[in-house]
Amino acid sequence: DIDRAITVRLTAADTMAAVINFLSVDAQLPLDEGGEVNFKSSAGFKKAPATLEPAFDGAVTAYDVVVPKGTTHVSVGATSFAASVKINGTPGNMLSVDIRNGAAVSIVLEKPAGEKVNEYVLTPRISDSAGETTEVKFEKPPVPAADAAPHTHSHGGVPCTADHSQDAHGHSHDGGKTQCTEDHGYGHGHGH
């Protein structure tokens with residue numbers, strides 16, 4: 001009898017605890033009208049606040065997400081202290097979701113993994129106003145060596161066009177007029 005009471009309490013506590021504790025949603029717009037929010041090929045995107053209606057409460061499972069005109073994606077961040085999170089079927093607590101088709105965003109909580117214990121639905125709603133945006137620029141990937149700009153340097157402020165690739169590495173004590181090859185006790189042959 002006592003075992004059953006404890007089991008009932010644990011099951012109820014587990015179910016009640018399987019809520020989203022933190023939810024954030026931002027609008028993402030292309031940098032240029034008609035452009036893309038593509039994390040692999042675009043230069044970045046514009047970010048704008050989104051509004052949840054009603055205001056977030058972990059016990060409420062359905063929301064309208066009001067975003068500014070021009071929004072193509074929403075960035076969804078959802079955290080649960082008691083369950084794993086899947087956003088639109090993708091495991092993890094953050095995802096950028098394309099909303100151009102008007103489909104709702106599903107956030108499923110699973111405990112244990114694979115067993116759904118709660119689901120939240122975010123329905124995008126595009127407003128008529130533009131909204132205030134902030135640009136987010138992507139860092140450019142390294143340029144392959146074959147495409148890199150040639151190394152340039154100068155001697156006394158005059159650009160050098162000589163190929164020094166076969167020269168010994170050294171330093172100068174007279175502003176570059178002569179090269180010092182002395183090891184000044186640093187043990188690697190060029191005094192640095």
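This is a short tour of one structure, stop by stop, with something to select each time.

**Before you start**

You're looking at a predicted model, where local features need pLDDT of at least 70, side-chain atom pairs count only at pLDDT 80 or more, and totals for chains, interfaces and linings use all residues. Residues are numbered from 1 along each chain as its sequence is written, and side-chain values use heavy atoms, with hydrogens and water left out. Names like E9 are for strands: helices (H or I, at least four residues) and strands (E, at least two) are DSSP runs, numbered from the N terminus.

**Stop 1: strand E9**

Select residues 105–110, which make up strand E9. How many residues of E9 are buried? Six of the six, so E9 is largely enclosed by the rest of the structure. Here, buried means under 20% relative accessible area, exposed means over 50%, and partly exposed is in between (1.4 Å probe, protein chains only).

Now show the side chains. In a regular strand, side chains alternate between the two faces of the sheet. In E9, Val105, Ile107 and Leu109 point one way, while Ser106, Val108 and Glu110 point the other way.

**Stop 2: the neighbours of E9**

Add strand E6, residues 84–87. E6 and E9 pair in the antiparallel sense over four bridges; two strands count as paired if DSSP finds at least two bridges between them. Look for Lys86, which stands opposite Val108 in E9.

Next, add strand E10, residues 116–126. E9 and E10 run antiparallel too, and six bridges join them. One spot to click on is Leu109, whose bridge partner in E10 is Asn118.

Follow the chain from E9 into E10 and you go round a hairpin with five residues between the strands. Gly114 sits in that turn and has a positive phi of about 95°. Pro112 is in this loop as well, and the peptide bond from Lys111 to Pro112 is cis, with omega near -10°.

**Stop 3: two salt bridges across the chain**

A salt bridge is a side-chain nitrogen of Lys or Arg within 4 Å of a carboxyl oxygen of Asp or Glu. The structure holds eight of them.

Select Glu110 and Lys86. Their closest N and O atoms are 3.5 Å apart, and they form a salt bridge. The pair links distant parts of the chain, with Glu110 in strand E9 and Lys86 in strand E6, 24 residues apart. Is Glu110 buried or exposed? Glu110 is buried, with a relative accessible area of 10%, whereas Lys86 is partly exposed at 28%.

Now select Glu53 and Arg125, another salt bridge, whose closest N and O atoms are 3.2 Å apart. This pair also links distant parts of the chain: Glu53 is in strand E3 and Arg125 is in strand E10, 72 residues apart. Both are partly exposed, Glu53 with a relative accessible area of 36% and Arg125 with 37%.

**Stop 4: more salt bridges**

Pick Glu135 and Lys137 next. They form a salt bridge with the closest N and O atoms 3.8 Å apart, and Lys137 is exposed, with a relative accessible area of 56%. Then highlight Glu36, Asp98 and Arg100, which are joined into one network by salt bridges that share partners.

**Stop 5: two backbone spots**

Go back to Glu53 and step along to Pro54. A cis peptide bond joins the two, with omega about 0°. Pro54 lies in the loop between strand E3 (51–53) and strand E4 (62–67).

Then jump to Asn88, in the loop between strand E6 and strand E7 (90–91). Phi of Asn88 is near 50°, a positive value in a residue other than glycine. Asn88 is partly exposed, with a relative accessible area of 36%.

**Last stop: the cavity**

On a 1 Å grid over the protein atoms alone, a cavity is a set of points where a 1.4 Å probe fits but cannot get out, and lining residues have an atom within 4 Å of a point. Grid points are joined across faces, edges and corners, and a volume is the space filled by probe spheres set on the points.

A search of the whole structure finds one cavity of 30 Å³ or more, with a volume of about 40 Å³. To see what lines the cavity, select Val25, Val65, Val74, Val76, Ile99, Val105, Leu122, Thr123 and Pro124. Which strand gives the largest share of the lining? E10 does, with three residues. The lining divides into eight nonpolar residues, one polar and no charged (Ala, Val, Leu, Ile, Met, Phe, Trp, Tyr, Cys and Pro count as nonpolar, Asp, Glu, Lys and Arg as charged, and the others, Gly among them, as polar).

Definitions and conventions
1 Å grid on protein atoms, 1.4 Å probe; cavity = no way out; pocket = protein on both sides within 12 Å on 5 of 7 lines; lining within 4 Å.
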